[in-house]
Amino acid sequence: MTKRNHSGVSEVFDFTKEFKEKSETAEPCCNNCSHTTTKHQPRMPNIKIFSGSSHTDLAEKIAHRLGTHLGKVVSRKFSNQETCVEIGESVRGEDVYIVQSGCGSINDNLMELLIMIHACKIASSHRVTALIPLFPYARQDKKDKSRAPISAKLVANMLSIAGADHIITMDLHASQIQGFFDIPVDNLYAEPAVLKWIRENIEGWKNSVIVSPDAGGAKRVTSIADRLNVDFALIHKERKRANEVDRMVLVGDVKERVAILVDDMADTCGTICCAADKLVMAGASKVYAILTHGILSGPALSRINKAPFEAVVVTNTTPQEEHCAESDKIKVIDISPILAEAIRRTHNGESVSYLFSNAPL
């Protein structure tokens with residue numbers, strides 16, 4: 001949000017930062033002492049944030065941003081690999097947020113999330129919101145051949161039946177997944193954070209071309225290109241089978257310009273690495289890749305290290321520590337401020353549409 005100062009100049013106003021600053025005040029530790037201590041005011045009323053086992057680091061950053069702490073929860077497995085979750089504190093009448101991303105052991109983490117939602121619901125919580133930065137099974141969103149499942153719809157049904165009242169996610173692979181739910185879904189965008197990174201870290205961004213590695217990402221790419229006031233290009237790809245690209249055709253001019261590949265996710269990175277080679281052959285001076293969800297499984301990192309990228313930029317919707325250790329090209333954008341602000345606005349009954357085009361400080 002922007003406010004006007006006394007001189008009439010617009011300035012960015014960071015809600016979560018202001019809330020955290022107000023939560024701490026200094027006062028004397030006793031009547032006869034000049035020393036001061038930090039007094040912590042009560043946390044945001046009636047809110048509890050819990051973390052699943054998929055991405056605890058992100059959950060801790062979100063809680064720290066909001067000036068609170070993660071709730072106590074214990075997750076373990078029995079000898080037969082059944083998941084058991086115990087909520088370690090009262091949630092009666094509380095506004096509960098459960099952070100669990102669709103990464104790592106996806107099936108185990110999904111089951112853990114469902115059990116946590118159910119446990120909080122039957123413990124008389126007021127509302128349960130599932131914060132899922134990377135929605136699991138999002139690529140299985142349509143019946144593209146005979147007898148194919150629509151697994152994203154199945155996951156949506158499971159979350160609703162488990163007792164979730166609200167879903168917060170980021171950059172869904174297909175926006176129509178929101179229609180699979182009968183409960184509110186907020187699909188946040190990494191675009192504002194991506195724009196900020198481009199302006200701050202790519203020197204020749206004003207002479208760049210935003211490139212989509214497939215036709216499905218054309219809308220995403222044109223939106224970023226419009227906001228940067230630069231050109232865009234498109235690569236048409238044909239697949240032999242899943243995770244294997246057959247042929248790529250570039251539509252657009254990238255000669256002697258900085259090419260920035262933008263996509264919502266990268267798994268084995270076959271597509272973006274082939275696209276990078278295609279762009280270099282077409283005369284691009286530098287090639288960057290910016291991906292919201294850097295899954296980077298299988299041969300992804302070895303492909304990235306061999307590809308002609310200046311940098312591959314991902315967000316921390318999935319853990320990236322191991323990926324950064326294996327490749328110097330991996331750069332990470334922290335999206336915890338966006339998710340924390342979404343929680344604050346949801347809890348206080350405010351609109352989250354501000355976050356669709358603005359990144360908190």
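**Surface and overall make-up**

I take accessible areas as those given by the Shrake-Rupley method with a 1.4 Å probe. On that basis I looked up the accessible surface of the chain, which comes to about 17900 Å². Carbon and sulfur atoms hold 50% of that surface. I note at the outset that the model is predicted.

I then turned to the chain as a whole. Its secondary structure consists of ten helices and 18 strands. The chain has 361 residues, and 49% of them count as buried. I also checked how contacts are spread along the sequence: among those between residues at least 6 apart, 61% join residues at least 24 apart.

**Cysteines**

I searched the whole structure for disulfides and found zero. I asked why Cys269 forms no such bond. The closest cysteine sulfur to that of Cys269 belongs to Cys273 and lies 5.5 Å away, which is too far for a bond, because a disulfide requires two cysteine sulfur atoms within 2.5 Å. Cys274 gave a similar entry: its sulfur is 7.2 Å from the closest cysteine sulfur, again in Cys273, and therefore too far for a bond.

I next looked up whether Cys269 and Cys274 are buried or exposed. Cys269 is buried, at a relative accessible area of 4%. Cys274 is partly exposed, with a value of 36%.

**Second largest pocket**

I recorded a volume of about 400 Å³ for the second largest pocket. Its lining comprises 24 residues. Those nearest the centre of the pocket are Gly102, Cys103, Ile106, Leu134 and Ile295.

Which helix gives the most to this lining? I found that helix H3, spanning residues 106-122, does so, with three residues. I also sorted the lining by class: ten residues are nonpolar, twelve are polar and two are charged.

**Ile198**

My last entries concern Ile198, which I located in helix H5, residues 191-201. Ile198 is buried, and its relative accessible area is 0%. I asked which residues Ile198 touches once those up to four places away in sequence are set aside. The contacts are Trp205, Leu228, Ile260 and Ile290.

For one of these partners, Leu228, I looked up the separation as well. Ile198 and Leu228 stand 30 residues apart in sequence, and their C-alpha atoms are 9.2 Å apart in space. I count the two as touching because contact is judged on heavy atoms within 4.5 Å, whereas the 9.2 Å runs from C-alpha to C-alpha.

Terms used. Residues numbered from 1 in each chain as written. Predicted model: local features only at pLDDT ≥ 70, side-chain atom pairs only at ≥ 80, totals over all residues. Heavy atoms only, no water. Buried < 20%, exposed > 50% of the residue type's maximum accessible area, 1.4 Å probe, protein only. Helix = DSSP H or I, 4+ residues; strand = E, 2+ residues; numbered from the N terminus. 1 Å grid on protein atoms, 1.4 Å probe; cavity = no way out; pocket = protein on both sides within 12 Å on 5 of 7 lines; lining within 4 Å. Points joined across faces, edges and corners; volume = space filled by probe spheres on them. Nonpolar A, V, L, I, M, F, W, Y, C, P; charged D, E, K, R; others polar.
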